[in-house]
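Q: Hey, can you walk me through this one? I'd like to start with what sits around the ligands.

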Amino acid sequence: MENGAAPTAKPVIVAIDGPSGTGKSSTSKAVAAQLGLSYLDTGAQYRAITWWMVHNGIDLADPTAIAAVAGKPEIVSGTDPAAPTITVDGVDVAAPIRTQEITSKVSAVSAVPEVRTRITELQRSLATGAERGIVVEGRDIGTTVLPDADLKVFLTASPEARAARRSGELKGADLHATREALIKRDAADSSRKTSPLAKADDAVEVDTTELTLAQVIECVVTLVEEKRAGK
Ligand SMILES: Nc1ncnc2c1ncn2[C@@H]1O[C@H](COP(=O)(O)OP(=O)(O)O)[C@@H](O)[C@H]1O
Ligand SMILES: Nc1ccn([C@@H]2O[C@H](COP(=O)(O)OP(=O)(O)O)[C@@H](O)[C@H]2O)c(=O)n1
């Protein structure tokens, strides 16, 4: 084997949750790549269904309208951490799901129970099908989607650090506006009735404010290895 676990090892399921900008995607991708596991960005799935709703003119102020069509789009996620993909009805939406428009609308769509049921089913079937195991990142993975995960990690960071990281990505974005938008989205995600953003009781909390990305990756890889060794 080049890296990661021996082929006979039991598949390992890792849940990584936390608010926006804490480093979930970067950490999860790198940990999965290092350990030879699959990788699933569940935020991309909620963004994809939101993109489809916008594309089809669904009234996002009306949860009943969203619920009525929640089963329509076919969302397919590619789980190779070196090249994750996402399509809706066969269309590659990797770029359009990252626009400000979708970012500002995703919380309204992801709060609808019928949307969550649909996407949760997809997530569980991908996790079950991952031969060597998977790193799944999102908001409710440890609490709801995969409550029996082998390892649960909850990443946090100060709003200032998270806004600075996000502004760094969106060239020229205003730091204050980015911070406000991020806080607003976290509040919506944390206060929804169905499956809110929350730390599972048995999750390991890692505050990444003062850590480099490399340190966070190393910390999570060590936690996975300790679990595998039965510690
Ligand atoms: N510990 C860290 N220190 C500095 N920058 C980081 C750290 N973790 C992630 N980043 C950067 O912050 C940005 C957001 O990270 P990302 O993984 O997308 O967060 P999330 O998935 O939680 O929203 C990315 O540009 C990433 O490279
Ligand atoms: N497991 C998840 C993952 C994302 N989401 C929703 O999807 C949105 C986008 O998630 P994301 O992970 O792409 O967001 P970023 O943190 O990358 O900005 C979140 O703000 C939530 O509304 C969710 O409800 N449950």
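A: Sure. One term before we start: helices here are DSSP runs of H or I with at least four residues, numbered from the N terminus. And keep in mind that this is a predicted model.

Q: Okay, so which helix gives the largest share of the shell around ligand 2?

A: That's H2, with four residues. Helix H2 covers 42-55, and along with helix H4 (100-110) and helix H8 (175-191) it is one of the helices that each supply at least two residues of that shell.

Q: Which residues come nearest to ligand 2?

A: There are 19 residues around ligand 2, and Arg47, Arg116, Asp140, Arg185 and Asp189 come nearest.

Q: How do the residues in that shell split up by class?

A: You get three nonpolar, six polar and 10 charged residues around ligand 2.

Q: Where does Arg47 reach ligand 2, and how far apart are the atoms?

A: A polar atom in the side chain of Arg47 is 2.7 Å from an oxygen atom of ligand 2. Ser110 also has a polar side-chain atom 2.9 Å from an oxygen of ligand 2, and for Arg192 a side-chain N or O atom lies 2.9 Å from a ligand 2 oxygen.

Q: How much of ligand 2 does the protein bury?

A: Taken alone, ligand 2 exposes 540 Å², and the protein buries 98% of that.

Q: Now ligand 1. Which residues come nearest there?

A: Ligand 1 has 16 residues around it, with Gly21, Lys24, Ser26, Arg166 and Leu211 coming nearest. By class, that shell holds four nonpolar, eight polar and four charged residues.

Q: Which helices each supply at least two of them?

A: Helix H1 (24-35), helix H7 (159-169) and helix H9 (213-228).

Q: What do the serines do there?

A: Ser26 has a side-chain N or O atom 2.4 Å from an oxygen of ligand 1. With Ser25, a backbone N or O atom is 2.9 Å from an oxygen of ligand 1. As for burial, ligand 1 alone exposes 560 Å², of which the protein buries 78%.

Q: Switching topic: is Ser77 buried or exposed?

A: Ser77 is buried, because its relative accessible area is 15% and the cut-off for buried is under 20%.

Q: Where is Ser77, and what is it in contact with?

A: Ser77 is in strand E3, residues 75-78. Leaving aside neighbours within four places in sequence, Ser77 is in contact with Leu40, Gln45, Thr85, Ile86 and Leu126. With Gln45, the two side chains make a polar contact at 3.3 Å.

Definitions and conventions:
Residues are numbered from 1 along each chain as its sequence is written. Chains are lettered from A and ligands numbered from 1 in the order in which they are written. This is a predicted model: local features need pLDDT of at least 70, side-chain atom pairs count only at pLDDT 80 or more; totals for chains, interfaces and linings use all residues. Side-chain values use heavy atoms; hydrogens and water are left out. A residue is near a molecule or strand if one of its heavy atoms lies within 4 Å of it. A polar contact is a pair of N or O atoms within 3.5 Å; within protein, one must be able to donate a hydrogen and the other to accept it, and residues adjacent in sequence count only if both atoms are side-chain atoms. Accessible areas come from the Shrake-Rupley method with a 1.4 Å probe; for residues, only the protein chains shown count as cover. Ala, Val, Leu, Ile, Met, Phe, Trp, Tyr, Cys and Pro count as nonpolar, Asp, Glu, Lys and Arg as charged, and the others, Gly among them, as polar. Buried means under 20% relative accessible area, exposed over 50%, partly exposed in between (1.4 Å probe, protein chains only). Contact means heavy atoms within 4.5 Å.
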